[in-house]
Amino acid sequence: MATRSSSSNARRARRSLAPRDGRAGRAGRKVAVAREGCGEACGAGGRQNAAAHFSSDAGVVPRGARRSSNPVVRIENACLPGRLFSSLARAVRALGTENLRRTYRTTFWFDFGPPAALPEEAILSVRSRIPRVPAGAYAGVEWWLSRMRTSDVQVDFHQDRDEALFRRIGASVHPSFSSVLFLNRCRGGLLALLDAPANDDNPARVPDPFDADLVRPWPNRFVLFRGDATHGVLDANNEIPHGRLPAPTPLRLALVMNWWTRRPLELPRFARSGRYRALRVGSGAVVVEPGARVEVSRRRRSRR
Ligand SMILES: [Fe+2]
């Protein structure tokens, strides 16, 4: 589960971040084309530069010439089979603003049994892409929907962790891997990943220095990163979030999946939650895209 943002953090007194080799961000300023990367598996819509790319062993070189023994990010486009992706994206769009204010607090546990929700079918589909862990098999996946307006980013820079465990004993235990499947394009909203800790003194807790791998949201783009990597979301102008922007943007939609070797505390299963009916497998719900013509109604009228 992610550390939840606080808009108060994002609105803290601004402090300029130390510029770094001409690519670092400053609070309230646009972050230049720093490290948006794309792997060898990139398909349409991908862009490749020296920032982040797959190596032959599926690792990543995230820092230009400085090869890291702990790669931060791995990207794959056109990840899900087309029909599954379309069904998932339509179902999430059909949710509209349902539970939007609590989206980051609505998380579920899936242990690779029969899938009850479309996101759980997606998890089974991407499972083979997740690196093996030395300590044995994964126990399951914590998943939730990320739905936000990039005009009002509500998530500070953070590391994912077992939030309930942290509340109980103050220990930070991270998933083995975190991953994001983007469901749409959006204005701004780059995902920024770093291997430096979040800094409470900065707007949105952005780390110092801001030396990040940046990933542009794109339909069916899958991003995998270490479970202890610091990450956050840039705003609609691809700046470090520092408050609500005047013009609301459409929702940035993504499915977040954290891969655990043990089940985090207090995580319900989707099937027992009663949430998000549109996501249920076999719900039979007819999802109508905005602007689509409903031919059934016309036929009924013509028969009268
Ligand atoms: Fe997170």
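Select strands 3 (residues 140–149) and 9: they pair in the antiparallel sense over 10 bridges. Strands here are DSSP E runs of at least two residues, helices H or I runs of at least four, both numbered from the N terminus. Pairing requires at least two DSSP bridges between two strands. This is a predicted model, where local features need pLDDT of at least 70, side-chain atom pairs count only at pLDDT 80 or more, and totals for chains, interfaces and linings use all residues. Residues are numbered from 1 along each chain as its sequence is written.

Click W143; its bridge partner in strand 9 is M257. Now add strand 4 (residues 177–182), which runs antiparallel to strand 9 with 6 bridges joining them. There, S178 has N258 as its bridge partner.

Next, isolate strand 9, residues 251–260. 10 of its 10 residues are buried (20 or more other C-beta atoms within 10 Å of the residue's own, with C-beta atoms placed from the backbone). In a regular strand, side chains alternate between the two faces of the sheet. One side of strand 9 carries L251, L253, L255, M257 and W259, the other R252, A254, V256, N258 and W260, and all are buried.

Now show the largest nonpolar core, with 60 residues. Such a core is a set of buried Ala, Val, Leu, Ile, Met, Phe, Trp, Tyr and Cys residues joined through C-beta atoms within 7 Å. W143, L181, L183, L193, V223 and L255 have the most contacts inside it. Strand 9 gives the most to this core, with 8 residues.

Finally, zoom out: the chain has 5 helices and 9 strands, and 42% of its 304 residues are buried.

Definitions and conventions
A residue is buried if 20 or more other C-beta atoms lie within 10 Å of its own, exposed if 12 or fewer, and partly exposed in between; C-beta atoms are placed from the backbone.
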